Amino acid sequence: MRKLASHLTSYLCRRKLGCSVQSRNSSSFNVKDELSIEKDAERKIGWLLKLIFAGTASAVAYQLFPYLGDNLMQQSVSLLHVKDPLFKRMGASRLARFAIDDERRMKIVETGGAQELVNMLGAAKDDRTRKEALKALTALSHSDEAVRALHLAGAISVIRSAPHSVEDADVEKYKSSLLKRFQDLRYDVSS
(Lines give C-alpha, C1' and ligand atoms only; values in the text may rest on other atoms or scores of the structure.)
Protein backbone atom coordinates (compact mmCIF):
# COMPACT_ATOMS: atom_id res chain seq x y z
CA MET A 1 0.00 0.00 0.00
CA ARG A 2 2.83 2.37 0.83
CA LYS A 3 4.46 1.66 -2.51
CA LEU A 4 1.20 2.46 -4.32
CA ALA A 5 0.77 5.62 -2.27
CA SER A 6 4.32 6.81 -2.99
CA HIS A 7 3.89 6.18 -6.73
CA LEU A 8 0.56 7.98 -6.68
CA THR A 9 2.02 10.91 -4.77
CA SER A 10 5.03 11.25 -7.02
CA TYR A 11 2.79 11.04 -10.10
CA LEU A 12 0.46 13.72 -8.76
CA CYS A 13 3.32 15.99 -7.76
CA ARG A 14 4.96 15.72 -11.20
CA ARG A 15 1.74 16.87 -12.83
CA LYS A 16 1.35 19.94 -10.63
CA LEU A 17 3.46 22.98 -11.26
CA GLY A 18 5.50 24.17 -8.40
CA CYS A 19 5.52 20.86 -6.54
CA SER A 20 9.07 19.96 -5.80
CA VAL A 21 9.77 16.41 -4.77
CA GLN A 22 13.38 15.76 -4.12
CA SER A 23 14.92 12.45 -4.98
CA ARG A 24 15.75 9.89 -2.35
CA ASN A 25 19.43 10.35 -3.01
CA SER A 26 19.31 14.00 -2.00
CA SER A 27 20.60 14.66 1.47
CA SER A 28 17.99 17.33 2.26
CA PHE A 29 15.04 14.91 1.81
CA ASN A 30 13.54 13.94 5.14
CA VAL A 31 12.09 10.48 5.87
CA LYS A 32 9.39 12.06 8.01
CA ASP A 33 8.17 14.04 5.00
CA GLU A 34 7.91 10.85 2.98
CA LEU A 35 5.96 9.10 5.75
CA SER A 36 3.57 12.02 6.13
CA ILE A 37 2.94 12.05 2.37
CA GLU A 38 2.35 8.29 2.40
CA LYS A 39 -0.04 8.53 5.35
CA ASP A 40 -1.96 11.31 3.65
CA ALA A 41 -2.28 9.27 0.46
CA GLU A 42 -3.30 6.15 2.42
CA ARG A 43 -5.98 8.14 4.23
CA LYS A 44 -7.40 9.50 0.99
CA ILE A 45 -7.35 6.11 -0.73
CA GLY A 46 -8.89 4.53 2.40
CA TRP A 47 -11.85 6.91 2.23
CA LEU A 48 -12.27 6.14 -1.45
CA LEU A 49 -12.34 2.40 -0.73
CA LYS A 50 -14.84 2.91 2.10
CA LEU A 51 -17.14 4.89 -0.18
CA ILE A 52 -16.94 2.21 -2.88
CA PHE A 53 -17.75 -0.47 -0.29
CA ALA A 54 -20.70 1.50 1.13
CA GLY A 55 -22.11 2.08 -2.36
CA THR A 56 -21.77 -1.59 -3.25
CA ALA A 57 -23.37 -2.70 0.01
CA SER A 58 -26.27 -0.30 -0.52
CA ALA A 59 -26.88 -1.57 -4.04
CA VAL A 60 -26.81 -5.21 -2.90
CA ALA A 61 -29.14 -4.51 0.02
CA TYR A 62 -31.56 -2.65 -2.23
CA GLN A 63 -31.76 -5.71 -4.50
CA LEU A 64 -31.81 -8.33 -1.74
CA PHE A 65 -34.21 -7.04 0.95
CA PRO A 66 -37.45 -7.37 -1.04
CA TYR A 67 -36.85 -11.13 -1.13
CA LEU A 68 -36.42 -11.23 2.63
CA GLY A 69 -39.76 -9.48 3.19
CA ASP A 70 -41.95 -12.51 2.44
CA ASN A 71 -40.01 -14.68 4.84
CA LEU A 72 -40.18 -12.04 7.58
CA MET A 73 -43.90 -11.64 7.02
CA GLN A 74 -44.43 -15.38 7.44
CA GLN A 75 -42.32 -15.34 10.60
CA SER A 76 -44.38 -12.45 11.95
CA VAL A 77 -47.59 -14.40 11.39
CA SER A 78 -45.96 -17.38 13.11
CA LEU A 79 -45.22 -15.19 16.14
CA LEU A 80 -48.98 -14.73 16.57
CA HIS A 81 -49.29 -18.48 17.30
CA VAL A 82 -47.02 -18.30 20.37
CA LYS A 83 -48.66 -18.19 23.80
CA ASP A 84 -46.44 -15.43 25.19
CA PRO A 85 -48.11 -12.01 24.77
CA LEU A 86 -44.75 -10.32 24.19
CA PHE A 87 -44.10 -12.39 21.06
CA LYS A 88 -47.67 -11.81 19.90
CA ARG A 89 -47.17 -8.06 20.27
CA MET A 90 -43.91 -8.25 18.35
CA GLY A 91 -45.59 -10.17 15.52
CA ALA A 92 -48.52 -7.76 15.38
CA SER A 93 -46.16 -4.76 15.41
CA ARG A 94 -44.19 -6.21 12.51
CA LEU A 95 -47.36 -6.87 10.53
CA ALA A 96 -48.50 -3.30 11.11
CA ARG A 97 -45.20 -2.07 9.68
CA PHE A 98 -45.46 -4.42 6.69
CA ALA A 99 -48.99 -3.29 5.77
CA ILE A 100 -47.94 -0.27 3.75
CA ASP A 101 -49.67 -1.02 0.45
CA ASP A 102 -52.57 -3.14 -0.82
CA GLU A 103 -50.30 -5.86 -2.17
CA ARG A 104 -48.60 -6.43 1.18
CA ARG A 105 -51.88 -6.20 3.06
CA MET A 106 -53.33 -8.93 0.88
CA LYS A 107 -50.17 -11.01 1.37
CA ILE A 108 -50.73 -10.76 5.12
CA VAL A 109 -54.35 -11.85 4.65
CA GLU A 110 -53.28 -14.76 2.41
CA THR A 111 -50.75 -16.01 4.96
CA GLY A 112 -53.46 -16.09 7.64
CA GLY A 113 -52.36 -12.97 9.44
CA ALA A 114 -55.80 -11.35 9.50
CA GLN A 115 -57.45 -14.36 11.15
CA GLU A 116 -54.59 -14.67 13.64
CA LEU A 117 -54.82 -10.97 14.54
CA VAL A 118 -58.55 -11.37 15.19
CA ASN A 119 -57.82 -14.42 17.36
CA MET A 120 -55.09 -12.50 19.17
CA LEU A 121 -57.47 -9.63 19.89
CA GLY A 122 -60.13 -12.00 21.19
CA ALA A 123 -57.69 -13.77 23.52
CA ALA A 124 -55.78 -10.66 24.68
CA LYS A 125 -55.67 -10.24 28.43
CA ASP A 126 -53.92 -6.87 28.68
CA ASP A 127 -54.23 -3.47 27.03
CA ARG A 128 -50.80 -3.53 25.39
CA THR A 129 -51.60 -6.74 23.52
CA ARG A 130 -55.02 -5.42 22.51
CA LYS A 131 -53.45 -2.17 21.35
CA GLU A 132 -50.92 -3.93 19.08
CA ALA A 133 -53.60 -6.21 17.63
CA LEU A 134 -55.91 -3.27 16.95
CA LYS A 135 -53.05 -1.24 15.48
CA ALA A 136 -52.20 -4.06 13.05
CA LEU A 137 -55.88 -4.54 12.17
CA THR A 138 -56.17 -0.80 11.52
CA ALA A 139 -53.14 -0.95 9.23
CA LEU A 140 -54.77 -3.82 7.33
CA SER A 141 -58.11 -2.02 7.10
CA HIS A 142 -56.81 0.49 4.56
CA SER A 143 -57.48 -2.11 1.87
CA ASP A 144 -61.10 -2.91 0.96
CA GLU A 145 -60.26 -6.57 0.25
CA ALA A 146 -58.53 -6.90 3.61
CA VAL A 147 -61.59 -5.39 5.34
CA ARG A 148 -63.75 -8.00 3.62
CA ALA A 149 -61.40 -10.73 4.87
CA LEU A 150 -61.53 -9.27 8.39
CA HIS A 151 -65.33 -9.24 8.22
CA LEU A 152 -65.34 -12.89 7.18
CA ALA A 153 -62.96 -13.67 10.06
CA GLY A 154 -65.48 -12.25 12.53
CA ALA A 155 -63.53 -9.13 13.40
CA ILE A 156 -66.56 -6.92 14.04
CA SER A 157 -67.88 -8.94 16.97
CA VAL A 158 -64.39 -9.37 18.45
CA ILE A 159 -63.67 -5.65 18.17
CA ARG A 160 -66.98 -4.72 19.76
CA SER A 161 -66.49 -7.22 22.59
CA ALA A 162 -62.95 -6.01 23.40
CA PRO A 163 -62.98 -4.35 26.83
CA HIS A 164 -62.70 -0.58 27.05
CA SER A 165 -59.32 0.73 28.07
CA VAL A 166 -59.14 3.36 30.76
CA GLU A 167 -55.35 3.62 30.65
CA ASP A 168 -54.70 3.77 26.91
CA ALA A 169 -56.72 6.08 24.67
CA ASP A 170 -55.13 4.55 21.54
CA VAL A 171 -57.09 1.33 22.08
CA GLU A 172 -60.38 3.21 21.85
CA LYS A 173 -59.11 5.24 18.89
CA TYR A 174 -58.21 2.07 16.97
CA LYS A 175 -61.51 0.42 17.87
CA SER A 176 -63.59 3.35 16.69
CA SER A 177 -61.49 3.70 13.53
CA LEU A 178 -62.00 0.03 12.65
CA LEU A 179 -65.74 0.10 13.34
CA LYS A 180 -66.09 3.27 11.26
CA ARG A 181 -64.20 1.61 8.41
CA PHE A 182 -66.60 -1.35 8.52
CA GLN A 183 -69.55 1.05 8.49
CA ASP A 184 -68.11 2.98 5.54
CA LEU A 185 -67.93 -0.23 3.52
CA ARG A 186 -71.53 -1.14 4.50
CA TYR A 187 -70.75 -4.10 6.73
CA ASP A 188 -73.24 -4.72 9.51
CA VAL A 189 -71.73 -3.20 12.66
CA SER A 190 -74.92 -2.97 14.68
CA SER A 191 -74.98 -6.66 15.65
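The following conversation goes through a predicted model of one protein.

Reader: What secondary structure does the protein have, and how many helices and strands are there?

Author: The protein has nine helices and zero strands. Read from the N terminus, its elements run α-α-α-α-α-α-α-α-α.

Reader: How much of the protein is buried?

Author: Of its 191 residues, 35% are buried. The accessible surface comes to about 12700 Å², and carbon and sulfur atoms hold 57% of that area.

Reader: Which residues have the most contacts inside the largest nonpolar core?

Author: They are Leu95, Leu117, Leu121, Leu150, Ile159 and Phe182, in a core of 37 residues. Helices H2 (31-79), H3 (85-98), H4 (102-110), H5 (113-123), H6 (127-140), H7 (144-152), H8 (155-161) and H9 (169-184) each give two or more residues to this core. The most comes from H6, which supplies six residues.

Reader: Why would such side chains gather together?

Author: In soluble globular proteins, nonpolar side chains tend to be buried together.

Reader: Staying with H6, what does Ala136 touch?

Author: Leaving out residues up to four places away in sequence, Ala136 touches Ala92, Ala96 and Leu117. Ala136 sits in helix H6 and has a relative accessible area of 1%, so it is buried. Its C-alpha atom is 8.9 Å from that of Ala114, although the two residues are 22 positions apart along the chain.

Reader: And Arg105, is that buried or exposed?

Author: Arg105 is buried, because its relative accessible area is 9%, under the 20% limit for a buried residue. It belongs to helix H4. A polar atom of the Arg105 side chain lies 3.5 Å from the backbone oxygen of Ala99. Apart from neighbours within four places in sequence, Arg105 is in contact with several residues, including Ile100, Ala139, Leu140 and His142.

Reader: Which residues make the nonpolar patch on the surface?

Author: Val82, Leu86, Phe87 and Met90 make a nonpolar surface patch of about 300 Å². One of them, Leu86, is in helix H3 and is partly exposed, at 41% relative accessible area.

Reader: Changing topic, how many salt bridges does the structure hold?

Author: The structure holds 11 salt bridges. In one of them, the side chains of Lys44 and Asp40 meet with an N to O distance of 3.5 Å. These two residues are four apart in helix H2, so about one helical turn separates them. Lys44 is exposed at 52%, whereas Asp40 is partly exposed at 30%.

Reader: Which residue does Lys131 form a salt bridge with?

Author: Lys131 forms a salt bridge with Asp170, and their closest N and O atoms are 3.4 Å apart. Because Lys131 lies in helix H6 and Asp170 in helix H9, the pair ties together parts that are 39 residues apart in sequence.

Reader: Which residues are linked with them in a network of salt bridges?

Author: The network links Lys131, Asp168, Asp170 and Lys173. Within it, Asp170 forms a salt bridge with Lys173 at 3.9 Å between the closest N and O atoms. Asp170 and Lys173 are three residues apart in helix H9, so they are separated by about one helical turn. Lys173 is partly exposed, with a relative accessible area of 48%.

Reader: Last one: what is the phi of Arg186?

Author: Arg186 has a positive phi of about 65 degrees, although it is not a glycine. Most residues other than glycine have a negative phi. Arg186 is in the segment after H9 and counts as exposed, at 74% relative accessibility.

Technical notes
Residues are numbered from 1 along each chain as its sequence is written. This is a predicted model: local features need pLDDT of at least 70, side-chain atom pairs count only at pLDDT 80 or more; totals for chains, interfaces and linings use all residues. Side-chain values use heavy atoms; hydrogens and water are left out. A nonpolar core is a set of buried Ala, Val, Leu, Ile, Met, Phe, Trp, Tyr and Cys residues joined through side-chain atoms within 4.5 Å. Buried means under 20% relative accessible area, exposed over 50%, partly exposed in between (1.4 Å probe, protein chains only). Patches are made of residues with over 30% relative accessible area and no salt bridge: like charges are joined within 9 Å, nonpolar side chains (Val, Leu, Ile, Met, Phe, Trp, Tyr) within 5 Å. Accessible areas come from the Shrake-Rupley method with a 1.4 Å probe; for residues, only the protein chains shown count as cover. A salt bridge is a side-chain nitrogen of Lys or Arg within 4 Å of a carboxyl oxygen of Asp or Glu. A polar contact is a pair of N or O atoms within 3.5 Å; within protein, one must be able to donate a hydrogen and the other to accept it, and residues adjacent in sequence count only if both atoms are side-chain atoms. Contact means heavy atoms within 4.5 Å.
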